[in-house]
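Me: I have a structure to go through and would like some help reading it. Could we take it one topic at a time?

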Amino acid sequence: MTITCKGAVLRRIGCPQPYAESRPLSIETITLAPPTASDVVVKVAGAGLCHSDLSVINGDRGRDVPMVMGHEGAGEIVELGSAVTDLRVGDHVAFQFSVSCGRCRACRGGRPNICEAAPAARSRGELLSGGSRITDAGGATLRHQAGVSCFAEYAVVHRGSVVVIDPELPLTEAAVFGCAVMTGVGAVVNTANLRAGESVAVYGLGGVGLSGIMGARVAGAGTIVAVDIEEAKLDKARTLGATHCFNARDPDLDAKVREATAGGVDCALDFAGAIPALQSAYAVTVRGGRVVTAGLAPFGAQFAFEQGDLVSNEKQICGCYMGSCVPVRDLPRFVKLYRSGALPVDALIDSIIGFDELNAGFDRLAQGSALRQILAPHGGPRPT
Ligand SMILES: NC(=O)c1ccc[n+]([C@@H]2O[C@H](COP(=O)([O-])OP(=O)(O)OC[C@H]3O[C@@H](n4cnc5c(N)ncnc54)[C@H](O)[C@@H]3O)[C@@H](O)[C@H]2O)c1
Ligand SMILES: [Zn+2]
Ligand SMILES: [Zn+2]
């Protein structure tokens, strides 16, 4: 059926801060077309504010607009396309932001997170099955963000953009699994393939980086170094398992990390989206070690290293998209780890907000004063 509901539309990139005043996200009435055969309709219960959204809003990694924002979230299936036979109305699902075709070289190689068909649909703001399902009050087409657009009461997405989750999991908590948790934990257990006892350094302690700290602890890391420019983030990392914490503004950062780790770490992970963080990560990695970068710096940002150092020290530098995850394999696994207490991802959530606070929420994310704020489009528990 056609659904008319509320959604957050980005119409102008690069509005000045504070966003609470410039209001880059306008809360509008949007219309969702009925699902095509391969789509599903989700009633969104929670959607996380991620730095990747902020990078679109501030123009660091701009996209064509107008676009309904939101790529990390969870909800309940309310309608199925005619060809979707493996889901039921009422199923709880988490969104995942990199839908895959199942047929390209990457998919055939078991790496659906880097499906070759996905980037073209994403840059057009369309679903993998083609076209957008969203229009504004005047009937103009609105783009989907990452095939999702969950800063809205309802979302129409391709079947492959959702993963069924344990119905016992509160949906506001489930919201952070599709991006922060898959990326942060996946970077450690998939991309870095961390072995028990290895030492790690994690740069950038937002929702993604703190998930990396939790992933390192679950994987049995020996020493876990945490680095950020915000002291409060370092305190949080300590509570989640970091054994050593350093402020990135310290001019002796690299030397201090090396001193704390008997010469350097086996694996350094960047979740900061800032080139100085990646440079330090590279510098503190030992001979034979690996550097994983998942942070997304502004378009065009370059990273330099001495080629001879890479060769003679046999370092590896790996990009990491969505934690190198196979979503249907990894997301339920991470949910199980959460339910066992091993991956306390609820610690990432600092507030549940309504549409009225969405722009101010991005101010808080930009200032570094928030971790994961969850938009509850239909209302929900408020912070106490
Ligand atoms: N690769 C992927 O698939 C993927 C998925 C999600 C997010 N991301 C990217 O990961 C990054 C983190 O996302 P987030 O939502 O956790 O962001 P966030 O803003 O919550 O956290 C980023 C953290 O990095 C810190 N930081 C900034 N400069 C630093 C520096 N020089 N050294 C150390 N720390 C520094 C900030 O203080 C902040 O705590 C973003 O760039 C985001 O776009 C990538
Ligand atoms: Zn994200
Ligand atoms: Zn593919």
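Reply: The turns below go through the bound ligands and then some points of the backbone.

Me: What kind of model is this, and how are things numbered?

Reply: This is a predicted model, in which local features need pLDDT of at least 70 and side-chain atom pairs count only at pLDDT 80 or more, while totals for chains, interfaces and linings use all residues. Residues are numbered from 1 along each chain as its sequence is written, chains are lettered from A and ligands numbered from 1 in the order in which they are written, and side-chain values use heavy atoms, with hydrogens and water left out.

Me: Which residues come nearest to ligand 1?

Reply: They are His51, Asp228, Lys233, Met322 and Arg372, out of 30 residues around ligand 1. A residue is near a molecule if one of its heavy atoms lies within 4 Å of it.

Me: Which N or O atom in a side chain is 2.8 Å from an oxygen atom of ligand 1?

Reply: That atom belongs to the side chain of Ser52. The backbone takes part too: an N or O atom of Ala294 lies 2.9 Å from a nitrogen atom of ligand 1, and one of Gly206 lies 3.5 Å from an oxygen atom of the ligand. A polar contact is a pair of N or O atoms within 3.5 Å; within protein, one must be able to donate a hydrogen and the other to accept it, and residues adjacent in sequence count only if both atoms are side-chain atoms.

Me: How much of ligand 1 does the protein cover?

Reply: The protein covers 92% of the 860 Å² of accessible area that ligand 1 has on its own (Shrake-Rupley method, 1.4 Å probe).

Me: Which elements give two or more residues to that shell?

Reply: They are helix 2 (51–57), helix 6 (177–191), helix 7 (207–218) and strand 12 (224–228). Helices (H or I, at least four residues) and strands (E, at least two) are DSSP runs, numbered from the N terminus. In addition, domain 1 (3–175 + 344–375) and domain 2 (183–321) each supply at least three residues to the shell; the domain bounds come from an automatic or database domain assignment.

Me: Now the metal. What are the protein donors of the zinc ion?

Reply: The zinc ion, ligand 2, has Cys50 (SG), His71 (NE2) and Cys179 (SG) as protein donors, 2.0 to 2.3 Å away. Their spacing along the chain is C-x20-H-x107-C. Donors are N, O and S atoms within 2.8 Å of the metal (3.2 Å for Na, K and Ca); water is not among the atoms, so sites may look incomplete.

Me: Why does the cysteine pair tie together parts that are 129 residues apart in sequence?

Reply: Cys50 lies in the loop between strand 3 (39–48) and helix 2, whereas Cys179 is in helix 6, so the pair joins parts with that separation.

Me: Are those two cysteines buried or exposed?

Reply: Both Cys50 and Cys179 are buried. Buried means under 20% relative accessible area, exposed over 50%, and partly exposed in between (1.4 Å probe, protein chains only).

Me: Changing topic: which peptide bonds are cis?

Reply: One is the bond from Gln17 to Pro18, with omega near 0 degrees. Another is the bond from Val65 to Pro66, with omega near 5 degrees. Pro18 is in the loop between strand 1 (3–10) and helix 1 (19–22), and Pro66 is in the loop between helix 2 and strand 4 (67–68).

Me: What about Arg23?

Reply: Arg23 is not a glycine, although its phi is positive, about 50 degrees. It sits in the loop between helix 1 and strand 2 (25–32) and is partly exposed at 41% relative accessibility.
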